Amino acid sequence: MITVDDDLLREMYRRMSRIRKFEDTTKELLLAGELYGAFHTSTGQEASIVGSCMALRIDDSMVGTHRSHGHPIGKGAQLDRLLAELMGKETGVNQGKGGSMHLSDFSIGSLGETSIVGSGLPVATGAALAYKMRGDDNVSLCFFGDGASNQGTFHESLNLAAIWKLPVVYVCENNGYGELTSAKDAISVEDISIRAVGYDMPGVTVDGQDVLAVFEAVSEAVDRARRGDGPSLVETKTYRFENHAVGRLPEHYRSAEEVEYWRTERDPLALFRQVLIERGFDEQQIDDLDAAVSEEIVAAIEFARQSPAPPPEAAFTHLFSPSAG
Amino acid sequence: MRTVSYIQAVTEAMTEEMERDESVFIMGEDVAWNMMGDCTGLVEKFGTERVRNTPISEAGFVGAGAGAAMVGMRPIVHMLIAPFMYVAFDQIVSIISKSTYTYGGQARLPITLRAPMMYGVSNAAQHSDRPYATLMTIPGLKLIAPATPHDAKGMLKAAIRDDNPVISFEDRSLWGQSGEVPDDDLIVPLGRAAVRREGTDVTVVTVAGAITLGLAAAEQLAAEGVSVEVVDLRSIVPMDTETILDSVAKTGRLLIADPAHEMGSVASEISAIVAQHGFWSLQAPIARVTTPHTHMPFNADLEKLLLPNADKIVSEVRALME
Ligand SMILES: Cc1ncc(C[n+]2csc(CCOP(=O)(O)OP(=O)(O)O)c2C)c(N)n1
Ligand SMILES: [Mg+2]
């Protein structure tokens with residue numbers, strides 16, 4: 001058991017709250033027509049994200065997916081530049097070039113959030129290769145979904161990492177569905193973590209709604225990677241509260257009762273609030289954390305709204321990096 | 001005759017061919033859930049054996065389509081959107097395009113890939129490519145881009161019956177458009193362009209969704225006294241160069257409107273063909289209205305700026321007429 005002190009608990013809650021409120025707000029703005037694009041929210045997966053990210057150091061890297069609004073927040077990003085990106089503004093993390101499916105803040109260690117399912121796995125593996133070759137003590141963490149675990153890149157990456165003993169942690173966020181298809185219909189095993197056996201690396205499944213359980217499992221994998229003992233696979237069983245893409249697709253593939261169950265019984269924020277109370281926090285302290293986050297969100301919206309749009313020339317910048325060989 | 005939308009025409013084509021031929025089946029991500037609305041009624045009619053959801057494993061299921069085709073099935077593989085073909089690129093290039101040739105005609109690959117294209121909707125660079133020109137460089141693949149409900153139905157049916165691999169690029173900007181289709185069996189042979197509007201001053205060849213822009217521009221130019229002939233390419237490989245050259249011989253001027261990136265594009269290929277074989281008919285340089293050689297940005301205004309539109313065609317045609 002790793003010990004988690006009050007400061008860490010508070011920070012975990014704060015980050016989860018930031019993700020939740022960020023997503024609730026962006027969903028509203030999307031439905032109101034202020035935001036646009038394919039919009040996949042992290043709502044419901046906050047514990048999985050924050051538990052994983054907080055097991056990393058700020059200088060460790062991570063790779064996200066099309067569903068990664070929450071991941072940079074989990075890793076410590078400022079909200080204003082994320083929101084500006086969703087509005088396509090010049091002040092956005094990608095200067096308006098990437099949008100919702102690429103909300104990556106490199107300043108906090110993101111190496112990209114990529115919208116081609118499974119395409120991030122080799123990238124995270126390569127970052128770990130570099131750390132190992134240079135003797136850096138950094139760790140690379142890769143987020144990917146249950147659906148992505150069926151791509152060839154999953155097999156290729158885990159095998160590479162295993163034979164080269166790379167400092168990488170593969171975090172599979174199993175939210176039960178890839179688009180409309182249930183993981184049960186698409187994956188040959190119940191627990192994706194069991195696939196680790198085929199690569200001779202540790203594989204564990206944890207309750208993805210329990211931030212402390214995720215934190216503990218990922219911390220162990222990160223420590224192992226940092227020690228030079230190689231890669232691990234951690235599967236977090238979680239759930240996405242919203243439809244695959246907000247406001248776009250039919251939702252006939254899952255029952256309203258199922259969604260309701262997860263929202264009411266398995267809400268990671270509500271569950272963690274309970275833990276905090278048990279650990280001696282009072283409701284007011286937690287409400288204060290939420291209130292501070294709300295203020296931050298208001299400021300972020302304001303910042304994004306006030307920010308300029310990229311000029312027309314921006315369509316042609318960043319095709320290459322400035323330095324020529 | 002009935003009026004149907006493009007997307008309904010696609011559904012009808014698949015339904016009719018699956019009814020007609022037991023060896024036709026469809027697979028792809030969420031097809032049985034009819035996620036995109038283009039598989040309406042299929043799973044109810046044919047069941048999940050023949051309307052088959054796949055895991056997110058493009059290399060696997062595209063290649064599996066090739067294998068099934070080799071032993072006599074006629075798979076329709078749904079790519080969701082065209083750029084997901086990149087994940088399956090090796091199977092498409094090394095296996096699907098080359099097996100008939102490499103094995104000296106022993107292998108037959110009656111496989112159809114449906115590749116809807118979504119661009120101009122702020123999906124950013126990875127989702128918004130129109131990759132037919134990339135695939136055009138590979139021999140052994142037939143590439144089509146039907147632009148009307150009539151052709152969406154007739155060409156898809158022809159593709160399914162073709163003994164060769166066909167990739168159908170469906171421009172999602174056309175999915176909602178309506179048009180007439182005949183009640184009886186409709187087959188539109190691959191490899192022929194269609195003159196959508198006759199004219200005498202300029203030939204505008206359109207690729208995929210550019211048909212809408214070409215026709216709108218022609219209408220606007222007609223008011224100015226410029227007579228535009230609009231040729232809908234429809235089939236990229238094989239390409240109906242005869243129809244294009246005949247039209248240019250008549251008009252003496254050529255503009256190609258192609259939503260894909262300009263460099264190495266279908267527009268470039270048509271330009272080269274006309275420069276080589278129609279040079280003496282030309283009274284003005286060839287013009288291309290395409291997307292410049294940069295990626296699709298997320299920002300909606302920036303993206304719109306890059307893509308072809310009717311105004312760009314109109315002003316280029318005006319320049320050709322000077
Ligand atoms: C290669 C590829 N195929 C298909 C898609 C379309 N797509 C986007 S998200 C998604 C489901 C991904 O499922 P999962 O990995 O479980 O992630 P989740 O959305 O559940 O977070 C699919 C099929 C894509 N983006 N990339
Ligand atoms: Mg999933």
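Two helices count as roughly parallel when the angle between them is under 35 degrees, and I would like to start from that cut-off, keeping in mind throughout that what we have here is a predicted model.

In chain A, helix α5, residues 120-134, packs against α6(A) at an angle of about 15°, with the two axes 8 Å apart, and α5(A) and α6(A) are therefore roughly parallel to each other. Their crossing is left-handed. On the α5(A) side the contact is made by Leu121(A), Pro122(A) and Thr125(A), while α6(A) contributes Thr153(A), Phe154(A), Ser157(A), Leu160(A) and Ala161(A). Sorted by class, this contact of α5(A) with α6(A) has five nonpolar residues and three polar ones, with no charged residues.

Let me turn now to the metal. Which residues coordinate the magnesium ion, ligand 2? They are Asp146(A) through OD, Asn175(A) through OD1 and Tyr177(A) through O, at 2.0 to 2.1 Å. Along the chain, these donors follow the spacing D-x28-N-x1-Y. Asp146(A) lies in the loop between β3 (140-145) and α6 (152-163) of chain A, whereas Tyr177(A) lies in strand β5 (residues 177-178), so the pair ties together parts that are 31 residues apart in sequence. Asp146(A) and Tyr177(A) are both buried.

For contrast, I will end with Val298(A), which lies in helix α11, residues 283-306, of chain A. Is Val298(A) buried or exposed? With a relative accessibility of 56%, and the cut-off for exposed being over 50%, Val298(A) counts as exposed. Its C-alpha atom is separated by 39 Å from that of Asn150(A), and these two residues are 148 residues apart along the chain.

Definitions and conventions
Residues numbered from 1 in each chain as written. Chains lettered and ligands numbered in written order. Predicted model: local features only at pLDDT ≥ 70, side-chain atom pairs only at ≥ 80, totals over all residues. Heavy atoms only, no water. Donors = N, O, S within 2.8 Å, 3.2 Å for Na, K, Ca; no water. Helix = DSSP H or I, 4+ residues; strand = E, 2+ residues; numbered from the N terminus. Buried < 20%, exposed > 50% of the residue type's maximum accessible area, 1.4 Å probe, protein only. Axes fitted to C-alpha atoms, helices over the stretch in contact; angles between N-to-C directions. Parallel < 35°, antiparallel > 145°, perpendicular 65-115°, else oblique. Left-handed = near helix turned anticlockwise from the far one by under 90°. Contact = heavy atoms within 4.5 Å. Nonpolar A, V, L, I, M, F, W, Y, C, P; charged D, E, K, R; others polar.
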